[in-house]
Amino acid sequence: MEKKNSLLSLLNLLPLAIRNFLELSTQYSGLLKVIFISCVIGVLSWLLTPSAVALTQIKLSNLSYHECPQELAQGAVTSGGSSMAANCFIVTGKAQNGTNKTVYDADIFGRIYDANNDSVMQNRTRLGSIDEIPPGDSDFELRISVPANQPLPLKLKQFKAAGFGAQVRK
């Protein structure tokens, strides 16, 4: 709103500036034209530049997991074309959005270890995403598949999320 008011003030002063410019242009015509046009372009580009859509950090807490319901439990973990038996789990927790804006397309990062402290998802820290996180605390769920030969219980560590102040993916 402040930029719009500034823009209107500048537009009201534009006729006066043009009149003064025309009077001085007879003496320094080429130089003044370049300076004047450069200033107008600079001010207008500064006023009309959209705000940046920066990454917003989201804290994840109260993490836990449970087995998937039977209808979601179907699936396999595959690597290199071969399939292995897999267990399905739902990771749940709270997402804390400390901003006053909704965060969109937040990627969830974290590490999951088995009972022997072996990584369940090696070389992979991005685990999924949350489409929309309103301001404040909200619940989230994330489905993961874990190879059946990994011993339980699972350990959920270093979970965090990062999203955008406006929708990025459509």
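Modeller: Two strands pair if DSSP finds at least two bridges between them. Strands are DSSP runs of E of at least two residues, helices are runs of H or I of at least four, and both are numbered from the N terminus. On that basis β1 and strand β7 (residues 155-164) run antiparallel and are joined by five bridges.

Biologist: What kind of model is this, and how are its residues numbered?

Modeller: It is a predicted model, in which local features need pLDDT of at least 70 and side-chain atom pairs count only at pLDDT 80 or more, while totals for chains, interfaces and linings use all residues. Residues are numbered from 1 along each chain as its sequence is written, and side-chain values use heavy atoms, with hydrogens and water left out.

Biologist: How many helices and strands does the chain have?

Modeller: The chain has one helix and seven strands, in the sequence order α-β-β-β-β-β-β-β.

Biologist: Which residues face each other where β7 pairs with other strands?

Modeller: On the β1 side, L55 has F164 of β7 as its bridge partner. Strand β4 (residues 103-113) also pairs with β7, antiparallel and over seven bridges. There, F109 stands opposite K160 of β7.

Biologist: Which cysteines form a disulfide?

Modeller: A disulfide is a pair of cysteine sulfur atoms within 2.5 Å. The rule gives a count of one: C68 and C88, with sulfur atoms 1.8 Å apart. C68 sits in the loop between β1 (55-67) and β2 (76-79), and C88 in strand β3 (residues 82-97), so the disulfide links distant parts of the chain, 20 residues apart. The disulfide is left-handed because the torsion about its S-S bond is about -65°.

Biologist: Are these cysteines buried or exposed?

Modeller: Buried means under 20% relative accessible area, exposed means over 50%, and partly exposed lies in between (1.4 Å probe, protein chains only). C68 and C88 are both buried. C39, at a relative accessible area of 47%, is partly exposed.

Biologist: Where are the salt bridges?

Modeller: A salt bridge puts a side-chain nitrogen of Lys or Arg within 4 Å of a carboxyl oxygen of Asp or Glu. The whole structure has two. One joins K94 and D139 at 2.7 Å, N to O. This pair links distant parts of the chain, with K94 in strand β3 and D139 in strand β6, 45 residues apart. K94 is partly exposed at 32%, and D139 is exposed at 59%.

Modeller: The other joins R126 and D107 at 3.0 Å, N to O. R126 lies in strand β5 (residues 126-133) and D107 in strand β4, 19 residues apart. R126 is partly exposed, with a relative accessible area of 37%, whereas D107 is buried at 14%.

Biologist: What does Q150 touch?

Modeller: Contact means heavy atoms within 4.5 Å. Q150 lies in the loop between β6 (136-147) and β7, and is buried at 15% relative accessible area. Leaving aside neighbours within four places in sequence, Q150 is in contact with D114, D118, S119 and V120. The side chains of Q150 and D114 also make a polar contact of 2.6 Å; the term covers N or O atoms within 3.5 Å, where, within protein, one must be able to donate a hydrogen and the other to accept it, and residues adjacent in sequence count only if both atoms are side-chain atoms.

Biologist: What share of the 170 residues in the chain is buried?

Modeller: Buried residues make up 26%. Of the contacts with a separation of 6 or more, 78% are between residues 24 or more positions apart.
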